[in-house]
Amino acid sequence: MYKIDNGIVHGSSYAIRLKEVELLTWRLNEETNEYWLKFHVPSGKEVRIKVAEYDVRHIVEEWALTEIDLEIGDEYGLDN
């Protein structure tokens, strides 16, 4: 579980400022239908959380500060 407050994503064991994140990546776990969402920061470190597809969309929009029509999945064969 996560929350976003004042541009900070946090859970029970992490907190990360969205403005510090350079890149977001995600991958579907086909067994659980959850996504591993990674927050990549300039130091080369990353924070990884498990979320639903809705949460991926929500976090990406909060990070980008705009609404985005994400095409999530392997429709173009890029997730393999």
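In the predicted model, strands S4 and S5 pair in the antiparallel sense through 7 bridges. Within this pairing, Leu24 is placed opposite Phe39 of S5. The two strands constitute a hairpin in which 4 residues lie between S4 and S5, and Asn33, located in the turn, adopts a positive phi of about 65 degrees.

Strand S5, comprising residues 34–40, is also joined to S6, in this case by 6 bridges and again with antiparallel strand directions. Two bridge partners illustrate the register between S5 and S6: Trp36 is matched with Lys50 of S6, and Phe39 is matched with Val47 of S6. The hairpin of S5 and S6 has 5 residues between its strands, among which a positive phi near 95 degrees is found at Gly44. A further arrangement involves the ring of Trp36, since the face of this residue is covered by Arg48 at 5.0 Å from the ring centre. As for contacts between aromatic rings, the count comes to 0 aromatic pairs.

Taken together, S4, S5 and S6 form an open sheet of 3 strands in the order S4-S5-S6, with antiparallel pairing. Strand S4 (23–29) and strand S6 (46–51) are the edge strands, each pairing on one side only. From one strand to the next, the twist of this sheet averages 20 degrees. Helix H1, which spans residues 53–64, packs on the sheet and touches S4, S5 and S6. The direction of H1 makes about 175 degrees with that of S4.

The interior of the model was examined next. In soluble globular proteins, nonpolar side chains tend to be buried together. The largest nonpolar core of the model contains 19 residues, and the residues with the most contacts inside this core are Val9, Phe39 and Ile59. At least two residues of the core are supplied by each of S5, S6 and H1. The surroundings of Phe39 extend over several parts of the chain: with neighbours within four places in sequence left aside, Phe39 is in contact with Val9, Ile16, Leu18, Val21, Leu23 and Leu24, and also with Lys45, Glu46, Val47, Ile49 and Ile59. Phe39 thus has among its contacts both Val9 and Ile59, the residues listed with Phe39 as having the most contacts inside the core.

A second open sheet is built from 3 strands in the order S1-S2-S3, and the pairing is antiparallel. Its edge strands, each of which pairs on one side only, are strand S1 (3–5) and S3. The twist in this sheet averages 25 degrees from one strand to the next. Strand S2, made up of residues 8–10, pairs with S3 in the antiparallel sense over 3 bridges, and His10 has Ala15 as its bridge partner in S3.

Ala15 belongs to strand S3, which covers residues 15–17. With residues up to four places away in sequence not counted, Ala15 touches Ile8, Val9 and His10. The C-alpha atoms of Ala15 and Tyr2 are 9.3 Å apart in space, while the two residues are separated by 13 residues in sequence. Ala15 is classed as exposed because its relative accessible area is 57%, a value over the 50% cut-off.

Definitions and conventions
Residues numbered from 1 in each chain as written. Predicted model: local features only at pLDDT ≥ 70, side-chain atom pairs only at ≥ 80, totals over all residues. Heavy atoms only, no water. Pairing = 2+ DSSP bridges. Axes fitted to C-alpha atoms, helices over the stretch in contact; angles between N-to-C directions. Contact = heavy atoms within 4.5 Å. Buried < 20%, exposed > 50% of the residue type's maximum accessible area, 1.4 Å probe, protein only. Core = buried A, V, L, I, M, F, W, Y, C linked by side-chain atoms within 4.5 Å. Phe/Tyr/Trp six-rings, centres within 6.5 Å; stacked < 30°, edge-to-face > 60°. Lys NZ or Arg CZ within 6 Å of the ring centre and 35° of its normal.
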